Amino acid sequence: MSVTLERPREQITDVITMSRITKVYDTGKIRVEALKGIDLRIRSGEFVAIVGPSGSGKSTLMNLIGCLDTPTGGTYLLRDKEVAGLDKNELAKIRNERVGFVFQNFNLLPQITAFENVEMPLLFGGIPRKERKERAHELLAKVGLADRMEHRPTELSGGQMQRVALARALAMNPDIVLADEPTGNLDTSSGGDVMSLFEELWKQGRTMIVITHDAALARRAGRIVEIKDGTIVSDRTT
Amino acid sequence: MSGLGVVFNLFLSSSRLQKKRAVLTIASIAWGSVSLLLLLAFGQGLREQLSVANRGMGSGIAVLWASETTKTWQGLPAGRSLHFLPEDALLLRERVPLLDGAIGEFATWGTNFTYGKRTVNARLIGTEVAYGDLRNHVPLPGGRFLNDQDVALRRRVIFLGDELAHDVFGDVDPVGKQMLINSMPYTVVGVLEKRLQMGAYGGPDKNHAVIPITTFQAQIGQEYLGNIVIRAADPKMMKTALDEVRKVIAAKYGFDPDDDRAVRSWDTVEGQRIMRNILLGIQGFLGIIGGLTLMIGGVGVANIMYATVKERTREIGVKMALGARPAWITGPLVLEGLAYTVFGGLLGLLFSMAIIIALGFVPTDGNEALQFLGKPTLSPAVGAISAAILGAIGLLAAYFPARRAASIDPAQTLRYE
């Protein structure tokens, strides 16, 4: 597989097509309807912010978009691939190749270096060693951490950690970058840096999806989808 | 790159953690392995020693005594005494082809053995040359057992049990020396080689002396044999051979061949078979104890693996989010558990071997308990059984924690601290 750093601008296509998506958590005693029929379409190259209060279902939606979980009902096409009904191995492959995650708490592996963290998805993707090294190197340089590659996450600042996480998210050149409160644990200035990086990636043609409370970040997005009680209550372009 | 390659890469990148815990876990497995290996090795040693001792008296033999008839037969009453004559052994040799040996044995108690000023009272046996083979009378180097000339020429030569030789001669080498048996001069031709002996009749062989049957008849003048020793050509046929022997003797002396009290027999083949099974049982029991000890080590491994999984829950969730397949999560964990087990097992093996080698230097002569217990033996079978138990425990100890790891829901672990 050949991986290029820059995703070329391509003709606009639907990256995410969700129709009548429902998610029900049924523990036997309690039945929670987290999503009650979501219709959502995201086209390639969009920068979408998903906002909503706690318990609105936006985390559930993120898990579904990121293929960490499968919907109870409805259909979900990730680019051309139907996700509902895939087994764990197929979901793992999709997450590896098509989704780049960025988390609020970074979720870097603490005992390995920044470089090895970025290398991890490439390892799962079966990328040969040499290419893996080159790619991880390139990505870390791109997020401005060329001099921090051999540092462990604990030796990095929050902003640096989030940049490592972003480099990791981009490693397999995914269809979408899916970020969950990416600035939530950062101070204003590092948060600003990360937001700028997001914007830059978007301008290069990435599809960015951000789940956030952060009004400043949401404002940078081209489109804001608001969720409440498991349904989309507004969907507007800014 | 193959899936296995990924698993191995992940294993290498995760196993450099938690040295102290790894060391403790490996130590517990090593300890369990030492217990298992040593117990099995002691069992093996005991088995081999007892088996040697069991055959000390001779391998695949039976001993016959003439007793009393207990059944009436063709008008003859029960309760008649029977006695073996020297020619009965010859008769058996001729008439029972299943036997590859049948020899008569005269015995007398309270014979005086004198050398110099020392006199010892012991048992004297008069018998044929084949006795040396049947009854495992191996001479010490420098001596010999009785030979055909001794018997044919009625020589006054004597073969001494090792302990008796020591009692009479002290530190003097008896071979070639003249000694007095009931005040008549004899030449010592050989001394019994020291050996373990479990079964005995009339006393252990080390305490008796043997002279030619012809000499015995001339000097002591007994009419009846003490007993006849037979050996079956095929030990498995011993029971049939004994039946044949009874028939021949019953025909000669006129008693019911089914009267098995008239001629008593001690079938050592059967005894040895039972003993072998008992010993196998003992070794199995020891193995179970060792296996249980090792299982505690296995529980330790499982424990540490569960702790590892719990600690790495987030890490596992992250890896899953990045696209690790469930097998890539469980694979390295199973490898880690197995690595602890294999490493601990090897350490245990080395330690056990050291102990066994060290025990080899402990002198066991003159201490019967040590003679039986002090020879732990690591046989290939012991090694194979231990490795199988260890492997099974290691796999089980790693499998269940790994399965728990694979069931981790990444969506649950990633968002919250």
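# Strands, helices and phi values

Reader: Which residue of β10(A) stands opposite E226(A)?

Author: This is a predicted model, in which local features need pLDDT of at least 70 and side-chain atom pairs count only at pLDDT 80 or more, while totals for chains, interfaces and linings use all residues. Residues are numbered from 1 along each chain as its sequence is written, and chains are lettered from A and ligands numbered from 1 in the order in which they are written. Strand β9 (residues 223-228) of chain A runs antiparallel to β10(A) and is joined to it by six bridges, where strands (E, at least two residues) and helices (H or I, at least four) are DSSP runs numbered from the N terminus. Within β10(A), the residue opposite E226(A) is S234(A).

Reader: Which strands stand at the edges of the six-strand sheet of chain A?

Author: The sheet is open and mixed in its pairing, with the strand order β6-β7-β8-β3-β9-β10, and two strands count as paired if DSSP finds at least two bridges between them. A strand with a single partner has one side left without a neighbour in the sheet, so the edges of this one are β6 and β10 (231-237) of chain A.

Reader: What angle does the direction of α5(A) make with that of β6(A)?

Author: From one strand of the six-strand sheet to the next, the twist averages 20°. Axes are lines fitted to C-alpha atoms, for helices over the stretch in contact, and angles run from 0 to 180 degrees between N-to-C directions. Helix α5(A) packs on this sheet and touches β6 and β7 (176-180) of chain A, contact being counted when C-beta atoms, placed from the backbone, lie within 7 Å. Its direction and that of β6(A) make an angle of about 170°.

Reader: How are the directions of α3(A) and α5(A) related to each other?

Author: Helix α3 (residues 114-124) and helix α5 (residues 158-170), both of chain A, have axes 7 Å apart and pack at an angle of about 25°. Angles under 35 degrees count as roughly parallel, over 145 as roughly antiparallel, 65 to 115 as roughly perpendicular and the rest as oblique. The two helices are therefore roughly parallel.

Reader: Which residues of α5(A) are met by α3(A)?

Author: From α3(A), the participants are A114(A), N117(A), V118(A), M120(A) and P121(A). The residues of this contact divide into six nonpolar, one polar and one charged; Ala, Val, Leu, Ile, Met, Phe, Trp, Tyr, Cys and Pro count as nonpolar, Asp, Glu, Lys and Arg as charged, and the others, Gly among them, as polar. On the side of α5(A), the residues met are V164(A), A167(A) and R168(A).

Reader: Which residue of β2(A) is the bridge partner of I16(A)?

Author: Four strands of chain A form an open antiparallel sheet in the order β2-β1-β4-β5. In this sheet β2 (31-43) and β5 (81-82) stand at the edges, so one side of each is left without a neighbour. Strand β1 (residues 14-26) pairs with β2(A) in the antiparallel sense over ten bridges, and the partner of I16(A) is I42(A).

Reader: Is F106(A) buried or exposed?

Author: F106(A), in the loop between β6 (99-102) and α3 of chain A, has a positive phi near 65° although it is not a glycine. A residue is buried if 20 or more other C-beta atoms, placed from the backbone, lie within 10 Å of its own, exposed if 12 or fewer do, and partly exposed in between. As 23 other C-beta atoms lie within 10 Å, F106(A) is buried.

Note on methods: Contact = placed C-beta atoms within 7 Å.
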